[in-house]
Amino acid sequence: MDKILEALVSSSHPLTVKRAIVKKVMEAAEKEVTEEQCQALYHLTTRLILQGEDAFQRQVGLQVQEAYARYHRDEFARFFSKEFVLGLLQQGYGSLDCRDPAILDFLHSSLRLLISCPAVLELAPLLQTEVLRIICERPEPATCAKLATILTDFPQCVPREKAGVLFCQQLVRTFAYFNCPATEERELREYVTQVTRVSVLLQGIWKAEPATLLPSLQEVFAIISSTDPSFEPSIALASLVQHIPLQMITVLIKSLTTDQNVKDASMTQALCRMIDWLSWPLANHVDTWVIALLKGLAAVQKFTILIDVTLLKIEQVFNRLWYPIVRQGALVVLSHMLLSFQHSPEAFHLVVPQIVPLVKSLKNDGLPNSKTFLLQFAELVHCMMYQYSGFPDLYDSILESIKELPKPNEEKIKFFLNQSAWTSQSNSFASGLLKITGKSETGKTGLVNLGNTCYMNSIIQILFMATDFRRHVMSLHLNGSNTLMKKLQLLFAFLAHTQRAAYSPRSFLEGSRPPWFTAGSQQDCSEYLRFLLDRLHEEEKTLSAFQVTSPKPEPATTSAETLNNAASQPVADMPLHPEPVAAKGDGRTLVERMFGGRLSTAIRCLQCHSLSEKEEPFTDLSLAFCPSMSKCHGPNDEHKSSSSVGPCQGAVNGGSESSEGSVKEGAGTRMERPVVEPTLSVVAAPEYLILTLLRFSYDATCHVRRKILDNVGIPLHMSLPLRQHGISVTSSSSDSPESGENLAKKLKPSQKEDGMTENRTNSESNDSDSEMLSVPYVLSSVVVHSGMSSESGHYYSYGRNVSNTDGYVAHPSSKSLESSSLSESSTASQEEMGCADHKSTDWFLFNDSRVTFTNSESLRNVTGRFPKDTAYVLIYRKQEVSGQPSNPGPVVNGSRLSGEPPLQKELMDAITKDNKLFLQEQELNARARALQATSASCSFRPNGSDDNEPPGSCGPSGGGGGGGFNTISRLVF
């Protein structure tokens, strides 16, 4: 029979004839056949199955073998002996390699023919040994899938006991080598099917033999925690996660996170690879295990791992949101990573550029679950923008894209944040070191947040953007000194010339921080500004006085010794350079010349027309809100005031208030109290006008300090009414007998007795000698406070370079006192005048280490878009007035400069040295990145702006007032 069949399949007869004859051969199997004929047929059919020339021969072999094995099973069992099976698995068959999938297919089909025969049990020990050997050889996914099918159908062939544990461990390790070469969807589906088949086999073994589960999981962790750079395990391991019982999460995670033998580098690598598993389609519970491990690491305070992994993988997790099949699990992990990363906005800002494109894609993809997913995603974005408010340049486009989607309330946001936090909001993670990145496209340098130092950073940036003040500071010769002015000069030099993206102002912070400011706590930037200007003023005044009283030394060394001795006095350190710092001629300090103005407080009796007038200096004007308009808002009232507040009458110039009544004198005697009219007038305009909006007030009903969130219109140009007594603008201070040193002392608020008072009795006609000069100012910079109180929140600033010739040129004009006020009124017409229009890129947004381009429209609308972000400190630059002298630029080497002064050698050397260090850091960083795969180093990341910290002291006077220079505390804006 075998000869006939062999001749038939190789003949040239038509297929129909061949099939008919094959059918006759199969029917003959029912008849009695000798063992020799059976063995001959089994050998022939085996050869046809494994080495058939075409599909017809292989099909004939399978059909005939199955027919004869059914009726002659004992003969087939003797044919399919241990020796035959061993030869197939170890040596192959003919030209077929032992690893050829056809061998395993033949083995499977043959075992099925013996499924109820004792021969299978006899073959089981042999197959247990052989499958373990095959798995240890790391076969391809297709081979493993075929083995898994055999072992699933014949569980008696699965290795047992110790060999079973070893088999599971080796099968897990084989998973790590399951690389996917698929380039087409069909191939990818086949690959996923093969991996799934093997993972189902493991699941069955774990259920049947629970003792194999823990060693298998240990092997999984050993694989994914490997730091060997030459080995990258396959994400096919993700298919195993869904088969691990969820009730084991707590025990396993605790065991992993508390094991002292697990190094941080290994744990970091393991967590990163588990996050990679989010890309595996159809894998369930991967997100559950990733979040469990993240929480476990937070519980044992392994924050370095959490920070490193979050910053390394957050963008990858976000990218998974583009794929619907893995989108939901990726969102769960992304939400936890972002909401728990609460010490810095760095992680959120890494994915900010991708939010708007994703939102647009979700709106347009038409998938049924996209709408629900978009609502969840928008809720997450709102939480993050609430947590890290104060970045309008980043969030504006995001708000626009999700404006029609519901926003969670504040209580819900806080619940999410509190629930997810893995680190307390402290400075424990603030390293003060920035990730080395390229400098901002603006060319400006940011300032590193050293732990709630945004109040200082914002003030430094607006002073740096005060162009003329910066140029004067940079032109001072302070070589060798250790004064605060020298530190400011060095800081300005670094801001202008460093190659770093952000500079760390640690030295300046230590030298300029008020003694009552608690390190690491949020403070009032206005109070800090007053203290800083006061320090600079007193330091320069003391130096000038010392140089006037000290005899001029002959040799330079004697001068240095004398100055060094003076430095031991209880005043600011003296510079070692003999050149005076103060400008020659008027004797005023730099702070006085740049920021100093004068106010006149006059009280006129309306009966006798006598006038009592007092003049006093100021460096800033504190503007209060109208009591009828201002509202103190709590945390839940942030959206209740968004429209611009209008001006109140009775402001700086022309403000008057009659006072009349009667006073009892003695028993039964009444004496009429005189009717008086007080007025405030600016009699000397500063070069830089500093306006502080008094936004922080005390709520007597609740006994708390609250913030006034009224939206104030910010004019780009404004006019300051200046009252003159027939004299020039600057003569009020320079002609005074108490100018110079004594005048500087009066700038301190504690020295009330030093006020300059002039009592005069004039007729009412004397007012005709006074004319009003409208002094033009252009907005230079604004400090914005983002938050609900002065003790918390975040400061950032807007600024642009403005000199005294950048705006329009105004002419003196006579105005009545009643028609002039420091307000937003009459500025609309000024906006339309021939002012120099500034391009949108003339404005910069300074937010700690981040500096970006912005525009005036963004500045003026910031409170409308972000109700907690309100203008706090404004600086205006005085513009040239026709017929009036302007403040000249600094003098260097005898010549007047209109541009930036040349960099002095000492400053240039310091910057050159630091820039070289920066280049070395870049090189080391490049080397570290090259070794990252092997070292998996876990360095701390910068905290960015970490300003939502526990409240700190804002000084003796609190936010919005007090401290520093003398100021008028109740001017109404």
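## Helices, a bend and two unusual backbone angles

Glu36 counts as exposed, with a relative accessibility of 60%, and 50% is the value an exposed residue must exceed. Keep in mind as you look around that this is a predicted model. Below is a friendly tour of a few helices and loops, starting from that glutamate.

**Glu36 and helix α3**
- Glu36 sits in helix α3, which covers residues 35–51.
- Glu36 and Glu75 are separated by 39 residues in sequence, and their C-alpha atoms lie 9.2 Å apart in space.

**Helix α4**
- Helix α4 runs over residues 55–71, and its 17 residues should span 24 Å at 1.5 Å a residue. Its end C-alpha atoms are 25 Å apart, which agrees with that expectation.
- At the start of α4, the backbone nitrogen of Phe56 has a side-chain oxygen of Asp54 within 3.2 Å.
- Phe56 is also one of the buried residues of α4. The others are Gln57, Val60, Gly61, Val64, Gln65, Ala67, Tyr68 and Ala69.

**Helix α19 and its bend**
- If you follow helix α19 through residues 346–364, you will find a bend of about 45° at Pro353.
- Buried positions in α19 include Val351 and Val352, as well as Gln354 and Ile355.
- Also buried in this helix are Glu346, Ala347, Phe348 and His349, together with Val356, Leu358, Val359 and Leu362.
- What do the buried residues of α19 pack against? Their partners are α17 (303–319), α18 (327–340), α20 (370–387) and α21 (392–401).
- Just after α19 comes Gly366, with a positive phi of about 75°.

**Positive phi without glycine**
- Most residues other than glycine have a negative phi, so the next two residues deserve a look.
- Arg138 is not a glycine, yet it has a positive phi of about 55°. You will find Arg138 in the loop between α8 (119–136) and α9 (141–153).
- Is Arg138 buried, partly exposed or exposed? Arg138 is partly exposed, because its relative accessible area is 23% and the partly exposed class lies between 20% and 50%.
- Asn452 has a positive phi of about 60°, and it is not a glycine either. Its place is the loop between β1 (446–447) and α23 (454–464).
- Asn452 counts as buried, because its relative accessibility is 0% and buried means under 20%.

Methods. Residues numbered from 1 in each chain as written. Predicted model: local features only at pLDDT ≥ 70, side-chain atom pairs only at ≥ 80, totals over all residues. Heavy atoms only, no water. Bend = angle between axes of the 7 residues up to and from the residue. Helix = DSSP H or I, 4+ residues; strand = E, 2+ residues; numbered from the N terminus. Buried < 20%, exposed > 50% of the residue type's maximum accessible area, 1.4 Å probe, protein only. Contact = heavy atoms within 4.5 Å. Expected span 1.5 Å × (residues − 1). Polar contact = N/O pair within 3.5 Å; in protein donor to acceptor, adjacent residues only side chain to side chain.
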